[in-house]
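Could you walk me through how the labels on this model are earned? I'd like to see each value held up against its cut-off.

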Amino acid sequence: MDRTKLQSEVLQIGIYCEVISRMLNEHNNLSLSKVVVFSYLIKKNKYESNRVYDGRHSVDLMYKSLSLLSGDFDGLSNSIGHILKSIHVLKSNGLIEFEDGNLKINSFKNDGKSLYGENVFLKKAIEESRNISNKQFFKEVLRSV
């Protein structure tokens, strides 16, 4: 792997470490599948200039959030490796733990505002996703991409 690709991968892993830490700090624990998908959406949301949904929406938020994956199968697929490596880094350093299919935060140092924070819409969508099983969640993800 050349130096530029390695630097790019380190940057991506660092970003996802921050996103995952903040998400788990906010929501206490989430399943691995939901962490993977929502961390991608949070990072993607940073670069979306034309946001379709915001905090005023209140019905079917999870489904609306997954609709943001429409046509982005390649982006999600390419990011899954970085997200899983980020989870490994966080777990190896004792910052998160994996128990009963859920990721939990162990320690979190909030050092100010994040560049990749959740907006109100995604925060509500993540909470709504708790109401469905992981199997159903993945069916919806696959239907969306």
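Here come some questions about rings, burial and backbone angles, with their answers.

This is a predicted model, where local features need pLDDT of at least 70, side-chain atom pairs count only at pLDDT 80 or more, and totals for chains, interfaces and linings use all residues. Residues are numbered from 1 along each chain as its sequence is written, and side-chain values use heavy atoms, with hydrogens and water left out.

Q: Why is the pair of F38 and F137 called tilted?
A: Rings of Phe, Tyr and Trp (its six-membered ring) pair if their centres lie within 6.5 Å; planes under 30 degrees apart are stacked, over 60 edge-to-face, and the rest tilted. The structure holds 2 aromatic pairs. For F38 and F137 the centres are 5.6 Å apart and the planes sit at 40°, so this pair is tilted.

Q: Which parts of the chain does that pair link?
A: Distant ones: F38 is in helix α2 (residues 32-47) and F137 in helix α6 (residues 134-144), 99 residues apart. Helices here are DSSP runs (H or I, at least four residues) and strands are too (E, at least two), numbered from the N terminus.

Q: What makes the pair of F137 and F138 edge-to-face?
A: Their centres are 6.4 Å apart and their planes at 70°, so edge-to-face it is. Ring pairs thus link F38, F137 and F138 into a cluster.

Q: How do you know whether F38, F137 and F138 are buried or exposed?
A: Buried means under 20% relative accessible area, exposed over 50%, and partly exposed in between (1.4 Å probe, protein chains only). F38 has 0%, so it's buried. F137 also comes out at 0%, so it's buried. F138 has 39%, so it counts as partly exposed.

Q: What lies over the face of F137?
A: K34, at 5.8 Å from the ring centre. The rule asks for NZ of Lys or CZ of Arg within 6 Å of the ring centre and within 35 degrees of the ring normal.

Q: Why is S86 called buried?
A: Its relative accessible area is 0%, so S86 is buried. S86 lies in helix α4 (residues 73-92). Leaving aside neighbours within four places in sequence, S86 is in contact (heavy atoms within 4.5 Å) with Q12, I13, Y16, C17 and I20.

Q: What makes N28 exposed?
A: N28 has 53% relative accessibility, so it counts as exposed. N28 lies in the loop between α1 (3-27) and β1 (29-31), and its phi is near 65°, a positive value in a residue other than glycine.
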